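Here's a quick briefing to read with the model open beside you. Have a look at the fold before going through the points below.

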Amino acid sequence: MSTTRPYSPGDRGPEPSGASGASEGGAPETGASAGAAAVPSEGGRRPRQERRLRLDGESGVVPLARDFTRQALYAWGWLPAASADQRAAAEDVLLVVSELVTNACLHAEGPEELVLACDNKVIRIEVTDRGTGQPAPRTPHRAGRPGGHGMFIVQRLCLDWGVVRTPGASGKTVWAELGAPA
């Protein structure tokens, strides 16, 4: 389902400013600006962890984003996968990252930043770009034709997704959320 909610149902929004937590080690520094943080959470759950990758001006952003995401999945315990279901969940995350970054390249003047956030239930993917368009699954979906499947794939694999625009600023952030593997 396509939405324009900035956060999924039941989510109270971003953590208050200053709640970014301590920096984790191991974030790749492959030319792009990257960072990681653990954000405190409530109720004894695993803290929300977040990683950021600047993509503005980088070349080969789709493989760069996939590699960054794969490293985050290893750090967060999604990989190596102990079961076929866990492996499929990690591959779904990598595919959604690829689709969102590719769409930013093709339709939105390129991606500026990739943000990954994970707690024990959900991984959230955010791709910020400079584009003015509104992403949407192509309707009607034509399974036999090349191209135009990106947002259809995102819609099928994700719990929810949407678009956030900042008033007075150009561009947008396209976000998607997937459930953590069992």
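Helices here are DSSP runs (H or I) of at least four residues and strands are E runs of at least two, both numbered from the N terminus. Keep in mind that this is a predicted model. Counted that way, the protein has three helices and seven strands.

**Overall layout**
- Going along the sequence, you meet the elements in the order β-β-β-α-α-β-β-α-β-β.
- The protein has 182 residues, and 41% of them are buried.
- If you take contacts between residues at least 6 apart in sequence, 59% of them link residues at least 24 apart.
- About 9,500 Å² of the protein is exposed, with carbon and sulfur atoms supplying 52% of that area.

**The main core**
- As a rule for soluble globular proteins, nonpolar side chains tend to be buried together.
- In this model the largest nonpolar core contains 35 residues, and Leu 100, Leu 114 and Ile 125 have the most contacts inside it.
- Two or more residues each come from H1, H2, E4, strand E5 (122-129), helix H3 (150-157), strand E6 (160-164) and strand E7 (172-179).
- H2 gives the largest share of this core, with nine residues.
- Leaving out residues up to four places away in sequence, Leu 114 touches a list of partners that includes Leu 53, Leu 55, Ala 65, Phe 68, Val 97, Ile 125 and Val 127.
- Charged residues are on that list too, among them Arg 51, Arg 52 and Glu 126.

**Strands E6 and E7**
- E6 is mostly covered, as four of its five residues are buried.
- E6 and E7 run antiparallel and are joined by five bridges.
- If you want a spot to click on, Gly 162 sits opposite Trp 175 of E7.

**Two loops worth a click**
- Leu 79 and Pro 80 are joined by a cis peptide bond, with omega at about -5°.
- You'll find Pro 80 in the loop between helix H1 (61-75) and helix H2 (84-107).
- On the other side of H2, Glu 109 belongs to the loop between H2 and strand E4 (111-118).
- Glu 109 has a phi near 65°, which is a positive value in a residue other than glycine.
- Is Glu 109 buried or exposed? Glu 109 counts as exposed because its relative accessibility is 57%, and the cut-off for exposed is over 50%.

Methods:
Residues are numbered from 1 along each chain as its sequence is written. This is a predicted model: local features need pLDDT of at least 70, side-chain atom pairs count only at pLDDT 80 or more; totals for chains, interfaces and linings use all residues. Side-chain values use heavy atoms; hydrogens and water are left out. Buried means under 20% relative accessible area, exposed over 50%, partly exposed in between (1.4 Å probe, protein chains only). A nonpolar core is a set of buried Ala, Val, Leu, Ile, Met, Phe, Trp, Tyr and Cys residues joined through side-chain atoms within 4.5 Å. Contact means heavy atoms within 4.5 Å. Two strands pair if DSSP finds at least two bridges between them. Accessible areas come from the Shrake-Rupley method with a 1.4 Å probe; for residues, only the protein chains shown count as cover.
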